[in-house]
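Here is a structure to look over before the questions start. Keep the sequence beside it. Then try each question before reading on.

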Amino acid sequence: MSRLAERADGKPSGARAVSDTPRNPTAQTRPRPRRAGGSTRAAGRAAGITAVLVFTLFPAYFMLVSGVSERAVSGTDALVPQTLSLDNFTYVLTEAGFLTYLRNSLLVALITVVGSSLLALFAATAVARFRFRLRTSVLVMVLIVQMVPLEALVIPLFLQASDLGMLNSLIGLSIVYIAMSLPFAIWMLRGFVAAVPIEVEEAAYIDGASWPRMFWSVLFPLVAPGLVATGVFSFIVAWNEFILALTFLQDGEKFTVAVGLRQFFQQHTTDWGALMAASTIITVPVMVFFLIVQRGLVSGLVQGAVKG
């Protein structure tokens, strides 16, 4: 006979019965209390983000408010205007000739972006794919050119442009901006070209593609994000540059927006309303351009940060 009497359900009688129901159902579903430090950190993070946003967006807000208010800068309507008016914008676009300046700046920026992107792509491909003497020296010289202050180049560039008959010419100014953008564009695109496996190009050759066909159909789409990133840099250079535009351009009909802003500064007074309205108008093309290339810009910066 067994030492423990068997129960009818087959379990030993001496074994302690276990209940099928949980001891405390609410104990398993009760949420753990949050730590006081977690909520404090979340509140501090939210406050920090809000402060950064206010600090970043306040200049744009003040510029817009000043453009739609007659007494925004020096009067009581500095932050919250009592009356809104578009007279400043109307004056800037109709009487001040700012539409002409916008057209000139868009033309110069377009030529600069296209020219610098294509030349930088060709140069970056040559540096990344071909092995030649003084290859490293060429890259170092390109970087040294970028380090030279612009103020030191104004007089030599002016004399050279005068000898070539390029003064007071938007094309001549665009060529100078292309030269300014090339060093950075070459260095950045070189990493994109080097990240493309050489086997991809070899496969195109095996399939019978010529070098131009391989370049435009295979290599160009792969480095397109890098072209977007360098194009943004070239656009900013051409759109915001002031010293060279003021030096090269002498005809008011060929002024860019950066030079056109100068007309609102008089000897003893400044038309702050018109100046702020013109500054607001200048930012619109930049915002539109960034919205168009935003996805390609982020992709280009991320891919450019990864070593191939």
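Contacts, burial and helices

Q: Leaving aside its neighbours within four places in sequence, with which residues is Phe-233 in contact?
A: This is a predicted model: local features need pLDDT of at least 70, side-chain atom pairs count only at pLDDT 80 or more, and totals for chains, interfaces and linings use all residues. Residues are numbered from 1 along each chain as its sequence is written, and side-chain values use heavy atoms, leaving out hydrogens and water. Contact means heavy atoms within 4.5 Å. With neighbours up to four places away set aside, the partners of Phe-233 are Gln-146, Ser-181 and Phe-184.

Q: Where is Phe-233 placed, and what is the C-alpha separation between Phe-233 and Ser-181?
A: Phe-233 sits in helix H10 (helices, H or I of at least four residues, and strands, E of at least two, are DSSP runs numbered from the N terminus). Along the chain, Phe-233 and Ser-181 are 52 residues apart. Their C-alpha atoms are separated by 7.5 Å.

Q: Is Phe-233 buried, partly exposed or exposed?
A: Buried means under 20% relative accessible area, exposed over 50%, and partly exposed in between (1.4 Å probe, protein chains only). Phe-233 has 25% relative accessibility, so the class is partly exposed.

Q: How many helices and how many strands are in the chain?
A: Read along the sequence, the pattern is α-α-α-α-α-α-α-α-α-α-α-α-α. The count is 13 helices and zero strands.

Q: What percentage of the residues in the chain is buried?
A: The chain has 308 residues. Buried residues make up 34%.

Q: Among contacts between residues at least 6 apart in sequence, what share joins residues at least 24 apart?
A: Take the contacts in the chain that span at least 6 places. Those joining residues at least 24 apart come to 72%.

Q: Why does Ser-181 count as buried?
A: Ser-181 lies in helix H7. Ser-181 counts as buried because its relative accessible area is 0%.

Q: Which backbone oxygen does the side chain of Ser-181 reach?
A: A polar contact is a pair of N or O atoms within 3.5 Å; within protein, one must be able to donate a hydrogen and the other to accept it, and residues adjacent in sequence count only if both atoms are side-chain atoms. The side chain of Ser-181 makes its reach at 2.9 Å. The backbone oxygen belongs to Tyr-177.

Q: Which residues are in contact with Ser-181 beyond four places in sequence?
A: Phe-233 is one of them. So is Thr-112, which is found in helix H4 (residues 98–129). The full list is Thr-112, Ser-116, Phe-233, Ser-234 and Val-237.

Q: How far is the backbone oxygen of Val-108 from a polar atom of the side chain of Thr-112?
A: Thr-112 is buried at 0% relative accessibility. From its side-chain polar atom to the backbone oxygen of Val-108 the distance is 2.7 Å.

Q: Which residues does Thr-112 touch, not counting those up to four places away in sequence?
A: Ser-181 is among them. The list in full is Ser-117, Ser-174, Tyr-177, Ile-178, Ser-181, Ser-234 and Ala-238.

Q: How far apart in space are Ile-171 and Thr-112, C-alpha to C-alpha?
A: Ile-171 lies in helix H7. Ile-171 is partly exposed, with a relative accessible area of 49%. In sequence, Ile-171 and Thr-112 are 59 residues apart. In space, C-alpha to C-alpha, they are 9.4 Å apart.

Q: Which residue that is not a glycine has a positive phi of about 55°?
A: Most residues other than glycine have a negative phi. The residue with the positive value is in the loop between helix H6 (154–163) and H7. That residue is Asn-168.

Q: Which residues does Phe-158 touch beyond four places in sequence?
A: Phe-158 is found in helix H6 and is partly exposed at 28% relative accessibility. Its C-alpha is 7.3 Å from that of Thr-247, 89 residues away along the chain. Phe-158 touches Leu-167, Thr-247, Phe-248 and Gln-250.

Q: What is the C-alpha distance between Leu-93 and Ala-277?
A: Leu-93 is in helix H3 (residues 87–95) and is partly exposed, with a relative accessible area of 31%. Beyond four places in sequence, Leu-93 touches Leu-99 and Ile-281. Leu-93 and Ala-277 are 184 residues apart in sequence. C-alpha to C-alpha, their distance is 9.5 Å.
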